[in-house]
Amino acid sequence: MAPDIPGAKRAGLPVDLDRLTVDGDSWLSPEERYALKMHGVCLQAHPGVFMIRTRTNASMDTDTARGIADIADELARGWLHLTTRQQLEFHHVDAHDVVKVIERIDKIGLTTRSTCGHTMRGVMSCPLAGVGLEEPFDCSVDARAVSDSVLALTPELDTKMPQRINIAFGGCTNCRDHALVNDMGFVSKISDKGELGYELWLAGSLGKSSPTLGIKAVDFLPRADVLPAVHALFEMFVQFGSFDQPGKARIKYLLKKLGERDFLDLFHAGLAETKERRWPEPAPLSTPLSASLGSILACAPEGGWSTGVRPQRVPGYALVTVKAPLGDLNAEDWRHLCDLADEHADGHLHLTKNQNVMFRHVHLGAIGALKTKLAETYLSLEGADNAQDVRACTGGPVCGLALTPAQSAAAGLLEHPALLRNSALRVNVSGCPNACAQHQISDIGFSGSKVTIAGSGTLGYQVWLGGDLSKGLIGRVVGRVAAADIYAITGAIVGIWEAMRERGETLTDTVHRMGLESFGTQIAAVFKGQWEPGPEPTEAPAVPSVPSNRQLRMVMGA
């Protein structure tokens with residue numbers, strides 16, 4: 001039974017955590033299960049266990065990280081999952097242990113507060129900030145200030161929020177693009193007078209319906225106005241958002257309802273008011289010193305530069321990205337990363353939006369030893385952030401919302417020949433339409449769904465093509481396939497692109513030049529009998545809402 005979310009909020013989101021510890025979860029009402037989300041606790045498909053998500057502020061020192069590994073080993077089957085929003089998840093936590101996990105997380109200096117549900121989700125910040133060649137300054141300080149300021153208003157704020165708000169900070173090319181798909185996107189910049197601040201974007205969102213790119217609200221927002229701007233948007237959202245219609249309550253719907261001009265007028269009026277309040281001064285920051293590009297590139301690591309080894313601003317040092325396949329790590333390898341961070345980096349694990357772990361301040365002379373020690377695990381620097389690094393949510397049978405096992409589907413693509421020979425492609429797999437893996441902004445995106453193939457209902461994927469944030473494009477559904485055919489359809493799509501592309505064209509370029517329908521026709525010609533064009537019709541043949549064990553074995557190839 002679906003929860004009465006507005007009713008649960010009006011009641012103050014009550015849930016008896018002490019009883020959960022004693023009696024397990026069988027007594028919980030749908031509204032109480034929803035209330036658990038405010039504590040970072042979400043249902044899984046399995047009875048009696050939960051997923052618990054924790055904020056990381058995009059990085060943590062190795063002492064904290066080792067504490068995370070201990071919790072995973074003792075209470076979460078030794079498994080950690082990194083999300084596309086730089087958060088960290090424990091899975092298979094027994095209902096009786098939920099409170100113990102939350103308390104243990106608090107004890108090591110992190111929090112699960114308001115990481116799920118209609119809240120402020122984890123505030124993202126670029127892991128390159130302050131050290132990458134493109135990042136103007138270290139925006140993580142302001143991201144943390146925003147997180148702390150808004151969290152101080154919970155739990156009362158959570159009872160008033162119409163829906164969730166996603167916030168991101170960063171100034172590199174990739175972060176600039178991703179600002180467009182957040183409710184608030186802060187793009188780091190330095191004014192002509194040398195003042196540090198941000199370009200502010202509002203009302204972007206992916207989600208399961210109406211993916212929308214944000215609009216620019218402020219050309220230059222001084223750092224001192226970041227907190228007033230955030231609180232102005234929250235207050236505007238609480239006052240004017242569709243509280244009683246959670247499915248239509250994201251900020252993008254408020255923008256659509258008011259129109260861009262009235263929306264921005266309302267926001268700027270609120271900002272003018274919040275700026276009059278007293279706010280803490282931004283923490284001091286300086287523009288990082290940077291050598292010339294020539295002097296930086298005059299030094300090179302063993303084996304040369306790659307997506308996993310990129311130069312820092314200071315000659316002789318590198319940013320090193322460790323590929324965590326599908327965002328999954330076991331506690332033993334997580335500890336191994338801690339040891340490497342202490343020995344060769346800055347003693348921190350920095351999390352990326354591509355579900356990987358980054359080391360900063362690695363001396364070029366240490367790259368060889370780092371690679372050798374990583375080879376003792378299933379982790380590596382090879383293929384980080386490219387086509388061999390497929391993005392995926394946890395999917396079924398873990399997530400209670402997932403329809404398909406996204407992890408096993410994505411795992412089957414990691415060594416796909418078509419992706420190995422086209423390393424720049426981005427492939428994202430979500431186990432349901434909710435976009436946790438951001439399938440709408442990849443070159444090839446898959447979203448788990450009930451699909452109709454040749455008149456029969458089955459579990460499968462809607463296939464998204466044409467997404468490219470750098471060009472301001474969100475992908476569209478070109479067709480749908482059964483779950484067992486995801487490997488074959490990936491090869492068919494890439495093969496058509498390779499045959500039809502013109503010099504220098506990306507897959508998205510080719511799709512838009514040919515037209516989505518024409519490209520879909522080509523897929524149908526190559527992938528006969530196992531492909532249906534366009535999105536799933538509203539009235540689809542019934543299939544089980546949760547995969548049976550037999551279906552899962554078939555999809556996973558077991």
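Me: How do I read the open sheet with mixed pairing, and what is the order of its five strands?
Reply: In general, strands of a sheet pair through backbone hydrogen bonds, either parallel or antiparallel. Here the five strands run in the order 6-7-8-9-10, and the pairing is mixed. Strands pair if DSSP finds at least two bridges between them. The elements themselves are DSSP runs, numbered from the N terminus: helices are H or I with at least four residues, strands are E with at least two.

Me: What should I know about the model before going further?
Reply: This is a predicted model: local features need pLDDT of at least 70, side-chain atom pairs count only at pLDDT 80 or more, and totals for chains, interfaces and linings use all residues. Residues are numbered from 1 along each chain as its sequence is written, and side-chain values use heavy atoms, with hydrogens and water left out.

Me: Which strands stand at the edges of the mixed sheet?
Reply: Strand 6 (124-125) and strand 10 (215-222) do. Each has a single partner strand, so one side of each is left without a neighbour in the sheet.

Me: What packs on this sheet?
Reply: Helix 8 (residues 226-240) does, touching strand 7 (167-170), strand 8 (184-190), strand 9 and strand 10. Its direction makes about 160° with that of strand 8. Such angles run from 0 to 180 degrees between N-to-C directions, with axes as lines fitted to C-alpha atoms, for helices over the stretch in contact. Contact means heavy atoms within 4.5 Å.

Me: In which sense do strand 9 and strand 10 pair?
Reply: Antiparallel, over five bridges. Strand 9 covers residues 196-202. Leu200 stands opposite Val218 of strand 10.

Me: And strand 7: are its faces covered or open?
Reply: Both are covered. Ile167 and Phe169 lie on one side, Ala168 and Gly170 on the other, and all are buried. Buried means under 20% relative accessible area, exposed over 50%, partly exposed in between, with a 1.4 Å probe and protein chains only.

Me: Is the crossover from strand 6 to strand 7 left-handed or right-handed?
Reply: First the pairing: strand 6 and strand 7 run parallel, over two bridges. Ser125 has Phe169 of strand 7 as its bridge partner. The chain passes through helix 6 (residues 140-151), and this β-α-β crossover is left-handed. The rule: point the strands away from the viewer; a crossover is right-handed if the path from the first strand over the helix to the second runs clockwise.

Me: What about the step from strand 7 to strand 8?
Reply: Four bridges join these parallel strands. Ala168 stands opposite Gly185 of strand 8. The chain crosses through helix 7 (residues 173-178), and here the β-α-β crossover is right-handed.

Me: Which strands make up the antiparallel open sheet?
Reply: Five strands, in the order 3-14-15-12-11. Strand 3 (59-61) and strand 11 (309-311) are the edges, each pairing on one side only. The twist averages 30° from one strand to the next. Inside it, strand 14 (residues 348-351) meets strand 15 (residues 357-363) over two antiparallel bridges. His350 stands opposite Met358 there.

Me: Where does strand 4 (residues 79-82) send its side chains?
Reply: Trp79 and His81 point one way, Leu80 and Leu82 the other, and all are buried. Strand 4 joins strand 13 (residues 328-330) through three antiparallel bridges, with His81 opposite Asp328. Strand 4 also pairs with strand 5 (residues 88-94), antiparallel over three bridges. There Leu82 stands opposite Leu88. This hairpin has five residues between the strands, and Gln86 takes a positive phi near 60°.

Me: How do helix 9 and helix 10 cross?
Reply: Their axes come within 6 Å and cross at roughly 115°. Helix 9 spans residues 251-258, helix 10 residues 260-274. Among the residues making the contact are Leu254 and Leu258 of helix 9 and Phe263 and Leu266 of helix 10.

Me: How many disulfides are there in the whole structure?
Reply: Zero. A disulfide is a pair of cysteine sulfur atoms within 2.5 Å. The sulfur of Cys126 has its closest cysteine sulfur in Cys175, at 3.6 Å, too far for a bond. Cys126 is buried at 4% relative accessible area, whereas Cys299 is partly exposed at 29%.

Me: Last one: is Gln438 buried or exposed?
Reply: Buried, with a relative accessible area of 12%. Gln438 sits in the loop between strand 17 (427-430) and strand 18 (444-453). Beyond its neighbours within four places in sequence, Gln438 contacts Thr84, His178, Leu206, Asn428 and Ser430.
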